Amino acid sequence: MKSGFVAVVGRPNVGKSTLVNHLVGSKVAITSTKPQTTRSVIRGLVNGDGYQIVLLDTPGLHRPRTELGSRLNAAVYRTLGDADAVVFVIDATMPIGPGDRLTAERLIESGADVVVAVNKVDEANRSQIVAQLVEASKWPFEHYFPISALTGEGVAAMVGQMITRLPEGPKYYPDDMTTDQPESVVIAEIIREKFLERLTDELPHSLVVRVEEIEERDDGLVDIRAEVIVERASQRGIVIGKGGSLLGAAGTEARHELEAILGARVNLDLHVTVEQDWQRKPLLLDRLGFAE
C-alpha cells in the first residue's frame, strides 16, 4: 500500500483549503476570500484503492508583521520537513507575485518533491492560464497541472502524480475518518468562518474563536459556549453589530452548520471579549493554541 503525507502550500488565498476539501470529499477546512483564513496545519484524509494520502493544509506563506504571522510561517516550514511530497498552489487569475516567489524559494531550499497546481482555471481565460504556466515553469519543478479546486477540473491527473510520489507504508487513519482535528477546534473554526465574510479591513485578522465548553444534555441538545476574541475595544462593537445583528447572524449560520455536522440540536452561546494585541503576545498565543 502507498501512504504518506502531502503538504499543500502557497501564498494566502490561492485556494489551498478549497482543494483540500475537494480531495477529501467533505469540509475539513474553512474557506474565505480573506487572506490567512487558515491558521494551523489541518490534516485531511484521502483514501483510495491501495493508497492513503494525508493532506496537510497549511497557512499561506507571507512576510510576517506579527508574532502570530511568524508562528504561522514556522508551522509551514515544519510541515515541509514532515511531508513526503508537496502540492504548491498558485492562482491562475493573478500574476505570480512576491508571495509565490517566497514559497518557491523555500521549496527549492527544502529539496521537497513538488507538484505545482495552477488553480482557479474555471475563473481564468486561456491566455492567463498559459501565461501562468510559462512563468511558473521557470522554477525547477517537474510537474505542473492546471486545475480547478472548485469544479475538480484537472484534479484527478494531479492526484495520480501525487500517488506515484508516496512511499510504501501503513494506513495511518481508518477509512471513515476525514480529519484528525479535535471537535473543539472544528467548532471554533466554523464559528470564525461565519464572521470572516461579514468583516472588513484588519478585523478578520484580529479575530479568533476559543471554545470554552461543549456539553450534551439528557435530551440530546448540545450546549456550546465560545469566546470570540478581538484585539481592541473598538472592534468589539463592530463584531457585535447594531443591536447584536452581526453576532446574531453569524451565530445563527454557525449553529445551523454545527447541527448538520453533529447531528443534534445546538444551543450556541457566543460572547465577545477583548485581548489587547493578542497577535503580538507570545503567552496569549500559547494559550490560544498557536504553538511556537
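Trainee: Which residues are exposed on the other side of α4, away from its buried ones?

Mentor: Arg126, Ser127 and Val134 are exposed there. Keep in mind that this is a predicted model.

Trainee: And which residues of α4 are buried?

Mentor: Ile129, Gln132 and Ala136, in a helix that covers residues 126–136. Looking down the axis of α4, these buried residues fall within an arc of 65°, so they line one face of the helix.

Trainee: Why would residues a few places apart point the same way?

Mentor: An α-helix has 3.6 residues a turn, so residues three or four places apart end up pointing the same way.

Trainee: What covers the buried residues of α4?

Mentor: The cover includes three strands: β4 (85–91), β5 (114–119) and β6 (143–146).

Trainee: What's the strand order in the sheet?

Mentor: The order is β2-β3-β1-β4-β5-β6, in an open sheet of six strands with mixed pairing. β2 (42–48) and β6 each have a single partner strand and stand at the edges, so one side of each has no neighbour in the sheet. From one strand to the next, the twist averages 25°.

Trainee: How many bridges join β5 to β6?

Mentor: Four, and the two strands run parallel. Valine 116, for one, has tyrosine 144 in β6 as its bridge partner. α4 packs on the sheet and touches β4, β5 and β6, with its direction at about 165° to that of β6.

Trainee: Which strands does α5 lie across?

Mentor: Helix α5 (residues 155–164) lies across β1 (2–9), β3 (51–57), β4, β5 and β6. It runs at about 105° to β3.

Trainee: Changing topic: which residues touch the most other members of the largest nonpolar core?

Mentor: Val9, Phe88, Ile90, Leu107, Val116, Trp139 and Phe141, out of 27 residues in that core. At least two core residues come from each of β1, β3, α2 (67–82), β4, α3 (98–110), β5 and α4.

Trainee: What is isoleucine 90 in contact with, leaving aside neighbours within four places in sequence?

Mentor: Its contacts include Val14, Ile96, Asp100, Val116 and Trp139. Gln132 and Ala136 are also among the contacts of isoleucine 90, and both are buried residues of α4.

Trainee: One more. Is lysine 194 buried or exposed?

Mentor: Lysine 194 counts as buried, because its relative accessibility is 6% and buried means under 20%.

Trainee: Where is lysine 194 found, and what does it touch?

Mentor: Lysine 194 is in helix α6 (residues 183–196). Not counting residues up to four places away in sequence, lysine 194 touches Lys27, Ala250, Glu253, Ala254 and Glu257.

Note on methods. Residues numbered from 1 in each chain as written. Predicted model: local features only at pLDDT ≥ 70, side-chain atom pairs only at ≥ 80, totals over all residues. Heavy atoms only, no water. Buried < 20%, exposed > 50% of the residue type's maximum accessible area, 1.4 Å probe, protein only. Arc of directions from axis to C-beta. Contact = heavy atoms within 4.5 Å. Pairing = 2+ DSSP bridges. Axes fitted to C-alpha atoms, helices over the stretch in contact; angles between N-to-C directions. Core = buried A, V, L, I, M, F, W, Y, C linked by side-chain atoms within 4.5 Å.
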